[in-house]
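This briefing sets out selected features of one protein chain, grouped by topic. Please consult the sequence and structure shown below while reading.

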Amino acid sequence: MWTSAKTIRASVESLKRCQRCCMGTVWRGDTDRGQRQLCRVLSSASKPKWRLLFFGTDHFAVESLKLLTSCRGTSEGIVETLEVVTLAGDVPVKRFAQENHLPLHSWPPDDVNGRFDVGVVVSFGCLLPERLISKFPYGILNVHPSLLPRWRGPAPIFHTILHGDSVTGVSIIQIRPHRFDVGPILNQQFYQVPENCTADELGGTLATMGAHLLINTLMSLSERMENQREQGQTGATFAPKIKMSMSWIVWEEQTCDQIDRLYRAVGSRIPLRTMWMGRTIKLLDFAGKCHVSLSDQRRNPIPGSVSFQKESNTLAVCCKDGWVGFRSVLLNKRLTAADFYNGYLHQTRQKNTPCETAEGQTFPRLYQC
């Protein structure tokens with residue numbers, strides 16, 4: 001079982017006794033195994049030294065692993081030993097561990113009994129069983145890039161951008177078995193989301209912030225465990241994985257702001273898509289909201305209408321409440337807006353029939369104005 005509040009309070013009192021007995025000396029022996037473990041993580045009267053097992057995979061996780069590595073093996077550091085669990089394949093965490101000569105374990109790890117004080121999970125993607133969690137005297141911590149309970153799940157950064165959140169942050173929680181991201185909160189830090197920030201930019205910032213918040217938490221872990229705060233259900237939201245289907249634009253339903261947020265959330269990984277003459281076209285290099293002056297002011301362009309803006313070399317597309325621009329597209333190959341206009345648009349007549357995608361959803365065609 002994981003550590004209860006009662007056990008934590010008793011552990012803190014034992015920790016204080018251990019600090020007094022360990023000042024300027026080495027452990028002299030005790031029949032109480034619990035106190036032995038508590039003393040084991042002390043390098044001085046005030047600073048713990050953790051034997052730590054890290055679980056992670058991607059670039060977000062590497063930032064925390066970097067900082068933990070820099071805290072290892074120095075008199076000022078808080079990490080005594082550091083080993084890594086990662087998944088199969090050439091993932092960033094595995095590469096970093098190999099380059100820095102950190103012991104590597106495959107998933108699931110074997111033989112962790114008595115070898116580690118605390119675990120750390122950052123962007124790992126696998127649910128840890130209770131039998132593994134129970135092997136760590138101080139439990140397993142998780143660095144999560146949202147202000148839990150908002151955006152539980154695998155893609156909190158993308159949904160922060162997609163839904164236009166103005167404030168986000170990082171949470172340090174204790175892992176619980178059976179469900180992701182529901183454990184008690186040990187530490188949180190708020191962050192004001194910059195205007196026009198992309199998911200990649202936000203992820204980089206929160207990765208660095210989370211790494212430093214993790215170190216801050218480890219420096220006073222016993223006290224933070226004693227004062228942990230359970231997550232409530234108020235404000236809880238789920239952040240599912242980003243799927244290819246999310247990249248389809250429905251011009252008559254989505255506003256300029258919604259398309260802008262969608263591009264900033266997923267555009268660097270999944271190009272936005274629409275249909276043109278029965279073919280899928282990927283929209284690249286988003287130019288934002290734009291103003292279009294039509295030669296015939298009496299015409300009311302329907303969503304999906306497209307106008308080539310020669311001055312800015314942009315394809316402007318009409319959506320629910322205005323026009324948005326793209327500087328290039330991908331059809332058979334990458335084309336600038338001018339290339340697409342000259343090679344395709346001016347050769348077609350205006351169309352006004354919807355077409356069916358492979359997913360069975362209806363999207364309007366692009367129409368030339």
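**Helix H3 and the overall picture**

Aspartate 58 caps helix H3 at its N-terminal end, with a side-chain oxygen 3.2 Å from the backbone nitrogen of phenylalanine 60. The model is a predicted one. Its secondary structure comprises ten helices and 16 strands, and 50% of the 369 residues of the protein count as buried. Among contacts in the protein with a separation of 6 or more, 65% are made by residues 24 or more positions apart.

**Helix H3**

- The helix consists of twelve residues, and the distance from its first C-alpha to its last is 17 Å, close to the 16 Å expected at 1.5 Å a residue.
- Phe60, whose backbone nitrogen takes part in the capping contact with aspartate 58, is also one of the buried residues of H3.
- The other buried residues of this helix are Ala61, Val62, Ser64, Leu65, Leu68 and Thr69.

**Helix H4 and the residue that follows**

- Helix H4 spans residues 92–99, and Pro92, Val93, Phe96 and Ala97 within it are buried.
- These residues lie on the same side of H4, because the arc they cover around the axis is only 130 degrees.
- The elements covering the buried residues of H4 include strand S1 (50–56), helix H3 (59–70), strand S2 (79–86) and strand S3 (104–106).
- After H4 comes histidine 101, in the loop between H4 and S3.
- Phi of histidine 101 is positive, near 55 degrees, although the residue is not a glycine.
- Histidine 101 has a relative accessibility of 68% and therefore counts as exposed.

**Strand S5 and its partners**

- Strand S5 covers residues 140–144; five of its five residues are buried, so the strand is largely enclosed by the rest of the structure.
- In a regular strand, side chains alternate between the two faces of the sheet.
- In S5, Ile140, Asn142 and His144 point one way, while Leu141 and Val143 point the other way, and all are buried.
- Strand S4 (residues 118–122) pairs with S5 in the parallel sense through four bridges, and valine 120 is placed opposite leucine 141 of S5.
- Strand S6 (residues 167–174) runs antiparallel to S5 and is joined to it by four bridges.
- Within S6, glutamine 174 is the bridge partner of leucine 141.

**Nonpolar cores**

- The largest nonpolar core contains 68 residues, and Phe54, Leu218 and Phe326 have the most contacts inside it.
- Helix H7 (residues 199–219) contributes the most to this core, with nine residues.
- A second, separate core has 14 residues, among them Leu53, Leu128, Ile133 and Phe136.
- Not counting residues up to four places away in sequence, leucine 218 touches Pro48, Trp50, Leu52, Leu68, Ile78, Val118 and Leu141.
- Two of these partners appear in the topics above: Leu68 is buried in H3, and Leu141 is buried in S5.

**Cis peptide bonds**

- Tryptophan 107 and proline 108 are joined by a cis peptide bond with omega of about -5 degrees; proline 108 is in the loop between S3 and S4.
- Leucine 148 and proline 149 are likewise joined by a cis peptide bond, with omega of about 15 degrees.
- Proline 149 belongs to the loop between S5 and helix H6 (156–162).

**Methionine 277**

- Methionine 277 is located in the loop between strand S8 (272–276) and strand S9 (279–290).
- Its phi is near 55 degrees, a positive value in a residue other than glycine.
- With a relative accessible area of 35%, methionine 277 is partly exposed.

**Alanine 316**

- Alanine 316 is part of strand S11 (residues 314–318) and, at 0% relative accessibility, counts as buried.
- Apart from its neighbours within four places in sequence, alanine 316 contacts Cys290, Val292, Ser305, Val306, Ser307, Gln309, Trp323, Val324 and Gly325.
- Between alanine 316 and lysine 289, the separation is 27 residues in sequence and 8.6 Å in space, C-alpha to C-alpha.

Conventions: Residues are numbered from 1 along each chain as its sequence is written. This is a predicted model: local features need pLDDT of at least 70, side-chain atom pairs count only at pLDDT 80 or more; totals for chains, interfaces and linings use all residues. Side-chain values use heavy atoms; hydrogens and water are left out. Buried means under 20% relative accessible area, exposed over 50%, partly exposed in between (1.4 Å probe, protein chains only). Helices (H or I, at least four residues) and strands (E, at least two) are DSSP runs, numbered from the N terminus. Two strands pair if DSSP finds at least two bridges between them. The arc is that of the directions from the helix axis to the C-beta atoms. Contact means heavy atoms within 4.5 Å. The expected span of a helix is 1.5 Å times one less than its number of residues. A polar contact is a pair of N or O atoms within 3.5 Å; within protein, one must be able to donate a hydrogen and the other to accept it, and residues adjacent in sequence count only if both atoms are side-chain atoms. A nonpolar core is a set of buried Ala, Val, Leu, Ile, Met, Phe, Trp, Tyr and Cys residues joined through side-chain atoms within 4.5 Å.
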